[in-house]
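Here is a short guided tour to read with the model open beside you. It starts with the whole chain and then moves to a few local spots.

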Amino acid sequence: MASEEFARSAPIGVFDSGLGGLSVLQHIRQTLPNEALVYVADSGFSPYGDKTSAEILERSIAVTDFLLSKKIKALVVACNTATAAAIKHLRLHYPDLIIVGIEPGLKPASLLSKTKKVGVLATLSTIQSEKYHRLSTQLSAETAVEFIPQACVGLVDQIEKTEANAAHTRLLLKGYLNPLLDAKVDTLVLGCTHYPFVAKLIQELTSAHIPDRDPITLIDTGKAVASQLQRLLAERDLTSSNSDTPHINAYTNGNPEKLKHACTHWISMPEDNLSVSSFST
């Protein structure tokens, strides 16, 4: 696939295991408002966090091939778990395609933490990945910051069920957050793209648990992903010059109505410029 085959007017492909990648899509829309977008929610195989690396890679390749059939000019892996398990292989498999993944946000967190203790909220798969282990070990050695990982089992499921503010979600988060706060963590990395959708709840729960301390700093790397994508498109002269409001095509192998609701209510996407369809792969 030669790079000159990509067109400026071609869409950008974005995928996640489900609805979480919409948090990244929102930053892309804000940073690159003239770009057409194709979003895939692989909800039929969600969550990725309890899958093996081989299973995640297989799904990542299948979804990427589907997006390439839509003639995308760039790919955003809007999933921390898929990035950790598959992005190296995707870049080898599709060498001419711009591919941007989600970095864990450990470096900015290490620079902001005053207590030198950073909590990392993520899926079990992300925390167990070689990528996370290598980066956290390296940064700890360089900065003397202690990274305390917390696998948030079940949290993605709650968000996928659009129950971000349900009593069970609050109970889950309390169980995950309180030990980190008791360990004097002052910065929390949102190590899954689903988690920005419970950021307000996290702030509420942390403030209630430590009322006499400064508010916890939350690290969401979605904006950095959009900026990196913007830079890479400009480098290849692939930035869209379209002046009309671009269309967004969204696909899911889960519930299309749930995806449509998340698009229009969670990130305020106008229905006139949105199409939601089912896909099977």
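The report below covers the overall fold, the aromatic pairs, one helix, one buried valine and some backbone details.

**The chain as a whole**

Please keep in mind that this is a predicted model. The protein chain has eleven helices and ten strands. For 281 residues, a compact globule would have a radius of gyration near 19 Å, and the 18 Å of this chain agrees with that. The C-alpha trace spans about 55 × 40 × 35 Å along its principal axes.

Of the 281 residues, 51% count as buried. If we look at contacts with a separation of 6 or more, residues 24 or more positions apart account for 81% of them. The accessible surface comes to about 12,700 Å², and carbon and sulfur atoms hold 50% of that area. As for charge, there are 26 positive and 29 negative side chains, and the centres of the two sets lie 4 Å apart.

**Aromatic pairs**

A pair of aromatic rings is described by the distance of the centres and the angle of the planes. The structure holds three aromatic pairs. One of them joins F66 and Y251, whose rings are edge-to-face, with 5.1 Å from centre to centre and 80° between the planes. F66 belongs to helix α2 (residues 53-68) and Y251 to strand β9 (residues 248-252), so this pair ties together parts that are 185 residues apart in sequence. Both F66 and Y251 are buried.

Another pair is made by F197 and W266: the ring centres are 4.7 Å apart and the planes stand at 50°, so this pair is tilted. F197 sits in the loop between β7 (187-190) and α9 (199-209), while W266 is in helix α11 (residues 256-266), so parts 69 residues apart in sequence are tied together here. With 22% relative accessibility, W266 counts as partly exposed. Ring pairs also link F66, Y251 and F279 into a cluster.

**Helix α1 and its partners**

Which residues of helix α1 are buried? In this helix (residues 22-31) they are L22, S23, V24, L25, H27 and I28. These buried residues pack against three strands and two helices: β1 (12-16), β2 (37-41), β3 (74-77), α10 (222-235) and α11.

**A buried valine in a loop**

V198 lies in the loop between β7 and α9. Is V198 buried or exposed? V198 is buried, because its relative accessible area is 1% and the cut-off for buried is under 20%. Leaving aside neighbours within four places in sequence, V198 is in contact with L155, I159, A164, T169 and L173. The C-alpha atoms of V198 and V145 are separated by 25 Å, with their positions 53 residues apart along the chain.

**Backbone details**

Most residues other than glycine have a negative phi, and most peptide bonds are trans. The peptide bond from S46 to P47 is cis, with omega near 0°, and P47 lies in the loop between β2 and α2. Two residues that are not glycine have a positive phi, as the table shows.

| Residue | Phi | Loop | Relative accessibility |
|---|---|---|---|
| K116 | about 65° | between α4 (106-112) and β5 (117-122) | 36%, partly exposed |
| D237 | about 55° | between α10 and β9 | 46%, partly exposed |

How values were computed: Residues are numbered from 1 along each chain as its sequence is written. This is a predicted model: local features need pLDDT of at least 70, side-chain atom pairs count only at pLDDT 80 or more; totals for chains, interfaces and linings use all residues. Side-chain values use heavy atoms; hydrogens and water are left out. Helices (H or I, at least four residues) and strands (E, at least two) are DSSP runs, numbered from the N terminus. The radius of gyration is taken over C-alpha atoms; the globule rule is 2.2 Å times the number of residues to the power 0.38. Buried means under 20% relative accessible area, exposed over 50%, partly exposed in between (1.4 Å probe, protein chains only). Contact means heavy atoms within 4.5 Å. Accessible areas come from the Shrake-Rupley method with a 1.4 Å probe; for residues, only the protein chains shown count as cover. Lys and Arg count as positive and Asp and Glu as negative; His and the chain ends are not counted. The place of a charge is taken as NZ of Lys, CZ of Arg, CG of Asp or CD of Glu. Rings of Phe, Tyr and Trp (its six-membered ring) pair if their centres lie within 6.5 Å; planes under 30 degrees apart count as stacked, over 60 as edge-to-face and the rest as tilted.
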